[in-house]
Amino acid sequence: MSQVYKTDVCIIGAGPSGAATSLMLTKLKIPHYIVDKSIFPRDKTCGDGLILYAYKAMKILGEELFSSFLEHPKFLHSNKVRLHINSNVHIDFKESENRNIIITYAKRIDFDYFLVHHLSNTYASKDFGNGVKEIETKPDGISIKLKNGKEIFSKIVVGADGAKSIVSRKLAKNKLDSKLMSTFISAYFKDVENIPLENEAEIRLIYKKTLLFFYIFPLIDGQVNVSIGGRSDLIKNSGINLVAEIEDIIKTNKNIKNKFANATKVGSWRGGTIPFYFGNKNIIGDRFLLVGDAAGLANAFYKEGVGTGMMSGIIAAKNIERCLEDNNFSKSSLKKYEADLHKEFGKLLKFSHFSLRMARFKSIFLGIVILSKKIIQLKSYKIIKKRSY
Ligand SMILES: Cc1cc2nc3c(=O)[nH]c(=O)nc-3n(C[C@H](O)[C@H](O)[C@H](O)COP(=O)(O)OP(=O)(O)OC[C@H]3O[C@@H](n4cnc5c(N)ncnc54)[C@H](O)[C@@H]3O)c2cc1C
């Protein structure tokens, strides 16, 4: 019989949410186990844009981490994000006067490795390249069986295993809901021309059979990350083929085609989902809690999932400290975690659902933007100030 490894805390998944949970547990001097099916550096399909909570989370995790992030040679920082509602109307998002970074572009293969590289050798027992195959609640803990036959027995489990989380499916009994997630595809391009000055992030609302969000994020190696997507159920119901759609857009859209006249795609289109079901699904239960994509914490409108995921990891670690002190890992004890998440993200994520619903109606949304551009910019300025670094 194989040996059972016993631990107080086991984090499943070492993406940004799992890594942030581990870094915070380390700050609190709590030994833990962290497993991931991949070996790092590993890639993850993403737009590669880091905003708001990513900065806030890294600052909380430590000034040293934050300054190595700011100085990292593979990350590109910019102080401009422009959301184009149509060819003539746009909104600019700005940092407060004393700061000059609003977005950082970092390929996930580099950013996730950067975080994992900072995991503690003292407090974090790392087990990478080994996926979780089975997970089961027992009276005095949770049994986690890995693909190589190893078993971990933990008092509490953190589900940080992304959009297709096994912890969410098996322990929280959640089912995917295509109304509460987005489907996106993304690819790298080289030789893209006429990138807006100062590496501005270009985001466009594109109205086809349904609303699509189109992103161009420049990277430090001269490539750009191009992505497009929208609400999963609407894309499916309108029969949209995202690859065909984006290839047509970069060839024919009058605001975009000039950038791609001499551009070449590097690699292939890759797809992924972004769940935004927080508030509608189970994210806690006896002896487990979910963070990041597993908890459906991405912003429905602008799709920030890395930062919210990291911040949820920090909040999770603080709650785990309390559960360990009380020796109480029950669902009722973990309700505080859910309440803390609502306090941190509730208003913002609700607003993002509302904005997504409104944006589907092109003329109404355009009218609202034109009438309230100043208020929107002021409101976003306040959001950025409160939820950034
Ligand atoms: C096309 C696209 C573009 C996006 N663009 C942006 C963007 O620009 N900015 C932004 O903030 N967000 C963006 N997102 C969302 C963002 O990628 C996610 O919200 C973010 O990765 C969530 O982090 P996470 O740590 O919760 O999950 P993940 O990053 O998915 O990490 C989960 C980890 O769990 C591991 N894992 C999974 N299953 C198991 C298992 N059974 N056993 C062990 N390990 C397991 C995986 O290997 C992985 O390392 C985008 C998403 C997509 C699909």
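These legends go with close-up views of a predicted model.

**View 1. Around the ligand.** Here we're looking at the shell of 37 residues around the ligand, where Gly15, Gly47, Gly272, Gly292 and Gly305 come nearest. Several elements chip in two or more residues each: helix 1 (16-27), strand 2 (32-36), strand 12 (181-190), strand 16 (264-275) and helix 9 (306-326). Sorted by class, the shell has 17 polar residues, twelve nonpolar ones and eight charged ones.

**View 2. The largest nonpolar core.** Nonpolar side chains tend to be buried together in soluble globular proteins. In this model, the largest nonpolar core takes in 109 residues, and the ones touching the most other members are Ala54, Ala57, Val167 and Leu289. Helix 9 gives the most to this core, with nine residues. Helix 9 is also one of the elements that give two or more residues to the ligand shell, so look for it in View 1 too.

**View 3. A closer look at Ala54.** Ala54 is among the core residues that touch the most other members. Set aside its neighbours within four places in sequence, and Ala54 is in contact with Val306, Gly307 and Met310.

**View 4. Strand 15 and its two partners.** Why is strand 15 largely enclosed by the rest of the structure? Eight of the eight residues in this strand (residues 224-231) are buried, so the rest of the structure largely encloses it. Strand 12 runs antiparallel to strand 15, and eight bridges join the two. In this pairing you can pick out Ser182, which stands opposite Arg231 of strand 15. Strand 14 (residues 211-218) is antiparallel to strand 15 as well, with six bridges joining them. Look here for Ile216, whose bridge partner in strand 15 is Val226.

**View 5. The turn between strands 14 and 15.** Strand 14 and strand 15 make a hairpin with five residues between the strands. The residue to find is Gly222, which takes a positive phi near 90°.

**View 6. An open three-stranded sheet.** Which order do the strands of this open sheet follow? The order is 3-7-4, with antiparallel pairing. At the edges sit strand 3 (49-50) and strand 4 (76-78), each pairing on one side only. Two bridges link strand 3 with strand 7 (residues 103-105) in the antiparallel sense. To get your bearings, find Gly49, which stands opposite Tyr105 in strand 7.

Conventions. Residues numbered from 1 in each chain as written. Predicted model: local features only at pLDDT ≥ 70, side-chain atom pairs only at ≥ 80, totals over all residues. Near = placed C-beta within 6 Å. Helix = DSSP H or I, 4+ residues; strand = E, 2+ residues; numbered from the N terminus. Nonpolar A, V, L, I, M, F, W, Y, C, P; charged D, E, K, R; others polar. Core = buried A, V, L, I, M, F, W, Y, C linked by C-beta atoms within 7 Å. Buried ≥ 20, exposed ≤ 12 C-beta atoms within 10 Å, placed from the backbone. Contact = placed C-beta atoms within 7 Å. Pairing = 2+ DSSP bridges.
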